[in-house]
Amino acid sequence: MRSIKSRLMAGLASTAIVLAGAVAAQAETWKYAFEEAMTDVQGIYAQKFKEEVEANSDHEIQLFPFGTLGESADIMEQAQAGILQFVDQSPGFTGALIPEAQVFFVPYLLPAKSEDLGEFFRNSKAINEMFPELYAEQGLELLKMFPEGEVVMNTKDPVEKPEDLNEVKFRVMTNPLLVESYKAFGATPTPLPWGEVYGGLQTNIIQGQENPLFWVESTKMYEVTGAITLTGHNNFTTAVMANKDFYDGLSDEDKKVVQDAADAAFEHILEYQKGLSEESLAKIKEAKPEMTISDLTEEQRAPFKEAAAQVEAKFIEMTGDSGKKILDQMKEDLKAATQ
């Protein structure tokens, strides 16, 4: 009897080892690249995503912050090719692939403050129903879009009106609509890879750039500029995507793990950003007390808003009916979320 029981126990133990091996064999390391440092907004989101995936599955997430795999165009190509499973990239760069994504650069469309945008990004029909189809056409599964903070103008000299941007070479992402925006604002838009921006400002090849305050502070752009202007014209948006073939090949269980992680990281990053712009501005003032900080009044913003109207018209011209439908839906979604 004891012999039979021993053989039975041994058999069960062998089966358990085989099953454990099978589970281990299914565990994978997934690669995730983003456009910022580990301590910046995209990095904080990515770390929370990694934490959630690893806590709820046998998979591991390997993170690649800015510069480790190249510039933004490089990591997008790698994601489309399946070398990366996940990528976080601003629609500013994705606009070359998906023209409609440039809608996020129509000035004064989005509220500048992130706390006004959480509800919009959670429930927007444009973001959660219309954009995923456009991303899928490019081999990408859109997992989540989220705001990163109010975009400010960061220039050599103070800016209080569009005329102050006359002849200012202003660095922009390689985004046609962003080029149109700064033309409308009176500047000379100058597309430039991010890795060349600090040096470009230092040597006066360019005299300005735009980004959220946390990015101006963390990249030390204030060291080579003299002014920060809050015009209220935008809030920086970014998108987390998966390679579509990879995502479609996941089990339903793993898809749920990924989606739940994206949702948890979204709520985490909104909470993390509370007060972030103010903290970043305080650090900049402490590091460089002579920095000119201008928070424009509504009256001062009026001519910039007037210029924005022609940028919106340009967006519709660039993207046709598809772009207009998304723009109209976003306006409806924003109204519902912020009223």
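User: Leaving aside neighbours within four places in sequence, what is Asp 254 in contact with?
Analyst: Once those neighbours within four places are set aside, Asp 254 is in contact with Trp 30 and His 59, where contact means heavy atoms within 4.5 Å. Please keep in mind that this is a predicted model, in which local features need pLDDT of at least 70 and side-chain atom pairs count only at pLDDT 80 or more, while totals for chains, interfaces and linings use all residues. Residues are numbered from 1 along each chain as its sequence is written, and side-chain values use heavy atoms, with hydrogens and water left out.

User: Which side chain does Asp 254 join through a polar contact?
Analyst: The side chains of Asp 254 and His 59 are joined by a polar contact of 2.8 Å. That term covers a pair of N or O atoms within 3.5 Å; within protein, one atom must be able to donate a hydrogen and the other to accept it, and residues adjacent in sequence count only if both atoms are side-chain atoms.

User: And where does Asp 254 lie, and how far away is the nearest side chain of opposite charge?
Analyst: Asp 254 lies in helix H11, residues 252-272; helices (H or I, at least four residues) and strands (E, at least two) are DSSP runs numbered from the N terminus. Asp 254 is buried yet has no salt bridge, and the nearest side chain of opposite charge, that of Lys 255, is 10 Å away. Buried means under 20% relative accessible area, exposed means over 50%, and partly exposed is in between, with a 1.4 Å probe and protein chains only. For charge, Lys and Arg count as positive and Asp and Glu as negative, whereas His and the chain ends are not counted.

User: OK, how many salt bridges does the structure hold?
Analyst: There are 17 salt bridges in the structure, each being a side-chain nitrogen of Lys or Arg within 4 Å of a carboxyl oxygen of Asp or Glu. One of them pairs Arg 122 with Glu 267, with the closest N and O atoms 2.8 Å apart. Arg 122 lies in helix H5 (residues 118-123) and Glu 267 in helix H11, so this pair ties together parts that are 145 residues apart in sequence.

User: Are Arg 122 and Glu 267 buried or exposed?
Analyst: Neither label fits: Arg 122 is partly exposed, with a relative accessible area of 35%, and Glu 267 also counts as partly exposed, at 38%.

User: What about Glu 317, which residue forms a salt bridge with that one?
Analyst: Glu 317 pairs with Lys 314, the closest N and O atoms being 3.4 Å apart. The two are 3 residues apart in helix H13 (residues 298-338), which means that about one helical turn separates them. Glu 317 is exposed at 58% relative accessible area, while Lys 314 counts as partly exposed at 25%. Elsewhere, salt bridges that share partners join Lys 48, Glu 51 and Glu 52 into one network.

User: Switching to aromatics, how many pairs are there?
Analyst: The count comes to 16 aromatic pairs, taking rings of Phe, Tyr and Trp (its six-membered ring) whose centres lie within 6.5 Å, and calling planes under 30 degrees apart stacked, over 60 edge-to-face and the rest tilted. Tyr 32 and Phe 34 have ring centres 6.0 Å apart and planes at 80 degrees, so that pair is edge-to-face. Both Tyr 32 and Phe 34 are buried. The rings of Trp 194 and Trp 215, with centres 5.4 Å apart and planes at 40 degrees, are tilted. That pair links distant parts of the chain, since Trp 194 is in the loop between strand E6 (188-191) and H8, and Trp 215 is in helix H9 (residues 213-218), 21 residues apart.

User: Which residues form the aromatic cluster with Trp 30?
Analyst: Trp 30 forms one aromatic cluster with Tyr 32, Phe 34, Phe 49, Phe 86 and Phe 246. Trp 30 is also one of the residues in contact with Asp 254.

User: Last one, which residue has a phi near 70 degrees, and where is that residue found?
Analyst: Glu 167 has a phi near 70 degrees, a positive value in a residue other than glycine. Most residues other than glycine have a negative phi. Glu 167 is found in the loop between strand E4 (140-155) and strand E5 (169-172), and counts as exposed at 66% relative accessibility. Asn 204 likewise has a phi near 70 degrees, and is found in the loop between helix H8 (197-202) and strand E7 (208-212).
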